[in-house]
Amino acid sequence: MDAKTTTTVSLIDLEPELEDFRQAVVEGLSSAPQKTLPCKFFYDAAGSALFDQICGLKEYYPTRTEIGILEACADELAELIGPDRLLVEYGSGSSIKIRILLDHLKLAAYMPLDISRDHLLHSAQKIANDYPALDVLPVCADYSQLTNLPEYSANPGLRKVGFFPGSSIGNFTRKEAGEFMRNVARQLQPGDGLIVGVDLKKETGLLRAAYNDQSGVTAAFNINLLKRINEELSGEINLQGFEHNAVYNEELGRIEMHLVSQLEQQIKLGDQAFELAMDETIHTENSHKYDLTEFQQLAESAGFKASRVWTDANNWFSVHYLER
Ligand code: AVI
């Protein structure tokens with residue numbers, strides 16, 4: 001057997017502490033008048049598996065639409081980027097879209113960054129098995145907080161390309177998205193690239209359906225955040241006391257996901273208790289939608305040149321190639 005096919009990937013572990021989760025939950029549930037919980041904590045093993053299911057739902061158009069665009073533009077991307085790069089994927093999840101790039105770009109190394117440790121390791125190992133010539137360096141980290149990338153010690157000067165698919169950029173506010181891209185710009189050298197998938201503004205019925213699917217997977221994904229609080233932080237939350245709802249906020253151009261309290265109730269966490277009125281909501285996620293030019297301007301103000309953009313025939317989703 002080829003020795004390369006048995007290479008075991010080793011993890012660079014920058015996983016946030018459990019304390020960070022507790023603190024974020026206490027802060028979010030103390031916030032008035034709107035209680036909140038940060039969406040980055042959706043992704044434990046169960047949440048990551050639910051998110052994979054969401055990506056296959058008929059109502060959730062972003063995944064298949066972005067895959068279609070990536071397949072159509074991969075040759076052009078390969079030409080723009082050139083060979084022998086280190087590709088850094090911010091929030092790699094199941095690492096499905098990366099395979100389209102790996103099949104077209106002649107990359108030297110792949111650094112997937114993800115907060116969900118086991119999911120990351122599993123996906124990274126599969127990539128390493130399927131692409132034996134590729135150096136795979138998984139990093140367990142909260143990419144939104146990471147200022148510096150771990151050094152690629154095998155070749156510290158290797159040119160980089162960033163990959164931020166799935167419109168995860170939309171889970172930041174517009175201001176945070178600008179800050180995140182400025183931070184990524186600092187991690188890259190002039191001439192390096194960043195490929196970003198961005199969901200576009202569209203008819204609100206389509207947006208609402210995508211985040212309120214009929215089979216209830218998005219609801220389970222949202223409720224799983226409460227389950228995590230119960231399991232990991234010994235919280236006392238009545239999971240049946242909440243329902244999922246996603247609304248489109250026209251003014252802010254974003255889908256907002258909420259957990260709606262079905263009764264007057266208390267959430268207990270250690271010696272703290274948080275009161276919820278009937279119909280009061282916990283705001284768990286924002287998913288901002290952009291216009292093409294609005295996003296290009298944001299990228300330019302963060303230090304990138306908006307080099308190329310591809311969309312699908314419906315103009316539902318966009319893939320941007322930004323040059324540092
Ligand atoms: C990961 N992120 C881009 C997804 C989105 O569309 O905002 C998360 C998601 N939330 C509900 N459905 C999918």
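**Exercise 1: the side chain of Lys35**

Task: In this predicted model, find which backbone oxygen lies 3.0 Å from a polar atom of the Lys35 side chain, then work out whether Lys35 counts as buried or exposed.

Solution:

Step 1. Start at the side chain. The backbone oxygen you are looking for belongs to Glu275, and it lies 3.0 Å from a polar atom of the Lys35 side chain.

Step 2. Look for a side-chain partner too. Glu280 provides one: its side chain and that of Lys35 make a polar contact at 2.9 Å.

Step 3. Place the residue in the fold. Lys35 belongs to strand S2, which spans residues 35-36.

Step 4. Now list the contacts, setting aside neighbours within four places in sequence. Lys35 touches Gly28 and Leu29, then Phe274, Glu275 and Leu276, and also Glu280, Thr281, Ile282 and His283.

Step 5. Settle the burial. The relative accessibility of Lys35 is 10%, and the cut-off for buried is under 20%, so Lys35 counts as buried.

**Exercise 2: the two sides of helix H9**

Task: Decide which residues of helix H9 (residues 292-301) are buried, and what they pack against.

Solution:

Step 1. Pick out the buried positions: Phe295, Leu298 and Ala299.

Step 2. Check how they are arranged around the helix. These three cover an arc of only 100 degrees around the axis, so they sit on the same side of H9.

Step 3. Turn to the other side of H9, where Thr293 and Gln297 are exposed.

Step 4. Find the packing partners. The buried residues of H9 pack against helix H6 (174-187) and against two strands, S8 (193-199) and S16 (317-323).

Step 5. Follow the chain onward. Just after H9 comes Gly303, with a positive phi of about 105 degrees.

**Exercise 3: the ligand and its shell**

Task: Work out how many residues surround the ligand, and which elements each supply at least two residues of its shell.

Solution:

Step 1. Count the shell: 14 residues surround the ligand, and the closest are Tyr60, Asn171, Tyr211, Glu285 and Ser287.

Step 2. Sort the shell by class. There are 7 nonpolar, 6 polar and 1 charged residues.

Step 3. Assign elements. Helix H2 (45-55), helix H8 (217-233) and strand S14 (281-288) each supply at least two shell residues.

Step 4. Inspect the polar approaches to ligand oxygen atoms. A polar side-chain atom of Tyr60 lies 2.5 Å from one such oxygen. For Tyr211, the distance from a polar side-chain atom to a ligand oxygen is 2.6 Å, and for Ser287 it is 2.6 Å.

Step 5. Finish with coverage. On its own the ligand has 340 Å² of accessible area, and the protein covers 97% of it.

Conventions:
Residues are numbered from 1 along each chain as its sequence is written. This is a predicted model: local features need pLDDT of at least 70, side-chain atom pairs count only at pLDDT 80 or more; totals for chains, interfaces and linings use all residues. Side-chain values use heavy atoms; hydrogens and water are left out. A residue is near a molecule or strand if one of its heavy atoms lies within 4 Å of it. A polar contact is a pair of N or O atoms within 3.5 Å; within protein, one must be able to donate a hydrogen and the other to accept it, and residues adjacent in sequence count only if both atoms are side-chain atoms. Accessible areas come from the Shrake-Rupley method with a 1.4 Å probe; for residues, only the protein chains shown count as cover. Helices (H or I, at least four residues) and strands (E, at least two) are DSSP runs, numbered from the N terminus. Ala, Val, Leu, Ile, Met, Phe, Trp, Tyr, Cys and Pro count as nonpolar, Asp, Glu, Lys and Arg as charged, and the others, Gly among them, as polar. Buried means under 20% relative accessible area, exposed over 50%, partly exposed in between (1.4 Å probe, protein chains only). The arc is that of the directions from the helix axis to the C-beta atoms. Contact means heavy atoms within 4.5 Å.
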